[in-house]
Amino acid sequence: MDIIATLAAELSLKPAAVEAAVALIDEGATIPFIARYRKEATGGMDDVALRTLDDRLTYLRNLEQRKDDVITLIGAQGKLTPELEAEIRAATQLQRVEDLYKPFRKKRQTRAQKAREAGLEPLANMIIMQVKTKGTALDEASRFMTPEAAEAGYDTPDKVLAGASDIVAETVAEDAENVADMRSFTESTADIVSVATDADEKTPYEPYYDYAEPARRIPNHRVLAIDRGEREEKLRVRVRVDGDAAVARLGARWPRRQGVFAPVLDAAIADGYKRLMAPSLERELRARLTVRAQMDAIHVFAKNLESLLSTRPVRGARVIALDPGYRTGCKVAVLDETGKLLDHGVVYPTPPRRDEAGTKRELARLTKKYAINTIVIGNGTASRETEAVVSDFIAGSAPELRYTIVNEAGASVYSASELASEEYPELDVTTRGAMSLGRRLQDPLAELVKIPPQSIGVGQYQHDLDQAELSRALGNVVEDVVNRVGVDVNTASASLLGYVSGITPAVARNIVAYREEHGRFRNRREFLKVPKLGPKAFENAAGFLRITGGDNPLDATSVHPESYEVARAVLERAGVTANELARGGVADINQRVGSVAALAGELGCGILTLIDIVSELEKPGRDPRDDAPEVVFSRAALTIDDLEAGMELTGTVRNVVDFGAFVDVGVHQDGLVHISKLSRRFVKHPSDVVAVGDTVKVWVEKVDRDRGKISLTMVPGK
């Protein structure tokens, strides 16, 4: 297989661009680096296209390796024919290779193997070939009653015929073409059926207590729900296939059957399907549905995570962060606009103490002492009660203040982690948790990278997914967002630095250690003094690591050091100096430099690279998150009791799943906008309409106060 040609055809890309991307990957270039700094070579592929290419490249290389392995294994058995090798070489899917290898795979002793060892294979071939004989099938079977056969237990004509039929059944079941055809039949006609293990028990799986749906149409979130119900032993699940239709279809693959062996072959085909093929094909179908559903859930999780990490930072926020609780009180952390801890303590606005007056006095004191302008409240236990006290305090004593609710998913994971202990050894876990909530508002990306992506809470069924694949996919998302935004090398934590292109966690720790020992980095060349940060890592990382106020203003931009000469030439053409970049860039640089194509030819630079350089010089160090929606702040609290059908609200999308979007409308419980209520037009997936962090206008459709459920719509009048 020509892998380059295959990738180009599959992904609709030019072969030269694919070849260049593969060469760069093989040389150790990272996906963010290739996407940002090698656009000419790849034809401008973005990080999404490059990751897709990388995944397919890995698959195709593994496929070719498996073909070689299978050919070697079959050859060692002396059973490899030129035709079989050609079929294996022509396979485009791993499943096809395994189907072709199946008859030669070493397996435990089967009924067919036992019959072969007893010398019954010639009789099996007669049955398959429908050889015409003068006698009956049993007459022919009696001819194979040898001492060896009798010793193996085939001591009557009936037993001999049954043994030969076992060989036929296995031959039918292991034929690659039969397997492919019956796999297709199963996928297109099977139903997924579930029933309750205890129909009287109340569980979240009641919708699936007596349930059936065609496998070809079952949505991914239902697959995951049924799988979980089965694991928790609340459901019994099976694949329902029309066995008679399957046997008839399989039988039709043979010529018209007649003669004494016809009924024997019919019975063997039915046995081959029902005993050998159906169970494995049904397991395959369940596994394939699960993998499909998991991959979709991982994709949704990754998309949500990308949106969350791209949330607009709230700059200039001096914060009181509140981590609500009942018995142990509400933890308080006071942060300046850089996230530095100024003060911390505990207040008790909720039961059992319910010290609302004392809480308001402390909030007033902290607000005045530290010039606070924002209060952040975690959305967990006791959040609603704490919010009511904060809202009342703002209305009565501090109308200039604003507050917002922050999703605290993963805060406890971080606060109790080894990383948090290293960062703040003198603080207890509760204070670390409150700090994390405040910093999530100030700079979501810098704070959330400290938490395992699986714990951030923007997915569906994340604990049911393949954790290795989930971790890989989410790690890629974090890496892409971090490098898209860029990192200030003189302030970033090791957690954030560890996601920079080419920087391993060990090197990230070395960067922090070097910074602590030698002070601020003054220029990008200094990175090479960091232990274990070699030339290749420097090439991959340098453009994404920023230095503000350093020796060279270009170090504060995304312009790669390899292009500094070009950048200086552009600045010279524009009639400005590099030092002017520090004052906010060159707003009219496009007009000053004229034709980019002509300038690229003059400077010997690629057009795409030059476009990026000019764009960066126009707004150096620009944060792409500034294009994201602003955070929605409140000054008055709502409860679920305040909501009425038809009420118009503004909310923030907190999570997007297959069946809709959960929106925070300022009460303790997020409301659900079902996929059918997201738009007047057909919506294939909610992520086509909304993303985590979006500010949306919604209308209340229904409020179930007993169950704490809120139904919303984004379609007025619906």
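**Exercise 1. A surface patch**

Task: In this predicted model, determine which residues form a nonpolar patch on the surface together with I607, and where I607 is found.

Solution: Begin with the membership, which consists of I607, L608 and I611, whose accessible area together is about 230 Å². Next, place I607 in the secondary structure, where it belongs to helix α30, residues 607-618. Finally, consider its exposure: patches take residues with over 30% relative accessible area, and I607, at 42%, is partly exposed.

**Exercise 2. The chain as a whole**

Task: Describe the secondary structure of the chain, the span of its C-alpha trace and the share of its residues that count as buried.

Solution: The secondary structure comes to 30 helices and 15 strands. Along the principal axes, the C-alpha trace spans about 105 × 70 × 50 Å. Of the 718 residues, 49% count as buried, while the chain exposes about 33,500 Å², of which carbon and sulfur atoms supply 51%. As for contacts between residues at least 6 apart in sequence, 66% of them join residues at least 24 apart.

**Exercise 3. Nonpolar cores**

Task: Identify the residues that touch the most other members of the largest nonpolar core, and list what L497 touches.

Solution: The largest core has 173 residues, and those touching the most other members are L120, L123, Y273, L497, I511, L533 and V698. Helix α16 (residues 262-309) gives the largest share of this core, 19 residues. Another core, of 21 residues, lies apart from it and includes Y564, L571, V593 and A600. Turning to L497, and not counting residues up to four places away in sequence, one finds that L497 touches V487, V489, A492, I503, A508, I511, V512, R515 and L545. As general background, nonpolar side chains in soluble globular proteins tend to be buried together.

**Exercise 4. A hairpin and a covered helix**

Task: Work out how strands β5 and β6 pair, and which residues of helix α7 are buried.

Solution: Strand β5 (residues 330-335) pairs with strand β6 (residues 341-347) in the antiparallel sense, over six bridges. One of the positions can be followed individually, since K331 has V346 in β6 as its bridge partner. Between the strands of this hairpin there are five residues, and G339 takes a positive phi near 90 degrees. In helix α7 (residues 94-101), the buried residues are V97, E98, D99, L100 and Y101. Their cover includes α5 (47-76), α6 (82-90), α12 (157-174) and α13 (176-189).

**Exercise 5. Two loop residues**

Task: For Q454 and P629, state the loop in which each lies, whether each is buried or partly exposed, and what each is in contact with beyond four places in sequence.

Solution: Q454 lies in the loop between α22 (444-448) and α23 (467-485). With a relative accessible area of 17%, Q454 is buried, because the cut-off for burial is under 20%. Its contacts, leaving aside neighbours within four places in sequence, are F301, Q462, Q467, L470, S471 and L474. P629, in the loop between α30 and β11 (648-657), is partly exposed at 33%. With the same exclusion of neighbours within four places, P629 is in contact with R312, G693, D694 and T695. The C-alpha atoms of P629 and G693 are separated by 7.1 Å, although these residues are 64 apart along the chain.

**Exercise 6. Salt bridges**

Task: Give the count of salt bridges, and examine the pairs E174 with K107, R111 with D166, and K274 with D244.

Solution: The count comes to 60 salt bridges. In the bridge between E174 and K107, the closest N and O atoms are 3.2 Å apart. E174 lies in helix α12 and K107 in the loop between α7 and α8 (111-117), so this pair ties together parts 67 residues apart in sequence. E174 is buried, with a relative accessible area of 10%, whereas K107 is partly exposed at 31%.

For R111 and D166, the closest N and O atoms are 2.9 Å apart. Because R111 lies in helix α8 and D166 in helix α12, the pair ties together parts 55 residues apart in sequence. R111 is partly exposed at 44%, and D166 counts as buried at 10%.

The side chains of K274 and D244 meet at 4.0 Å, N to O. This pair links K274 in helix α16 with D244 in helix α15 (residues 243-251), 30 residues apart. K274 counts as partly exposed at 48%, and D244 as exposed at 58%. Lastly, D99, R183, E187, E284 and R288 are joined into one network by salt bridges that share partners.

Methods:
Residues are numbered from 1 along each chain as its sequence is written. This is a predicted model: local features need pLDDT of at least 70, side-chain atom pairs count only at pLDDT 80 or more; totals for chains, interfaces and linings use all residues. Side-chain values use heavy atoms; hydrogens and water are left out. Patches are made of residues with over 30% relative accessible area and no salt bridge: like charges are joined within 9 Å, nonpolar side chains (Val, Leu, Ile, Met, Phe, Trp, Tyr) within 5 Å. Accessible areas come from the Shrake-Rupley method with a 1.4 Å probe; for residues, only the protein chains shown count as cover. Helices (H or I, at least four residues) and strands (E, at least two) are DSSP runs, numbered from the N terminus. Buried means under 20% relative accessible area, exposed over 50%, partly exposed in between (1.4 Å probe, protein chains only). A nonpolar core is a set of buried Ala, Val, Leu, Ile, Met, Phe, Trp, Tyr and Cys residues joined through side-chain atoms within 4.5 Å. Contact means heavy atoms within 4.5 Å. Two strands pair if DSSP finds at least two bridges between them.
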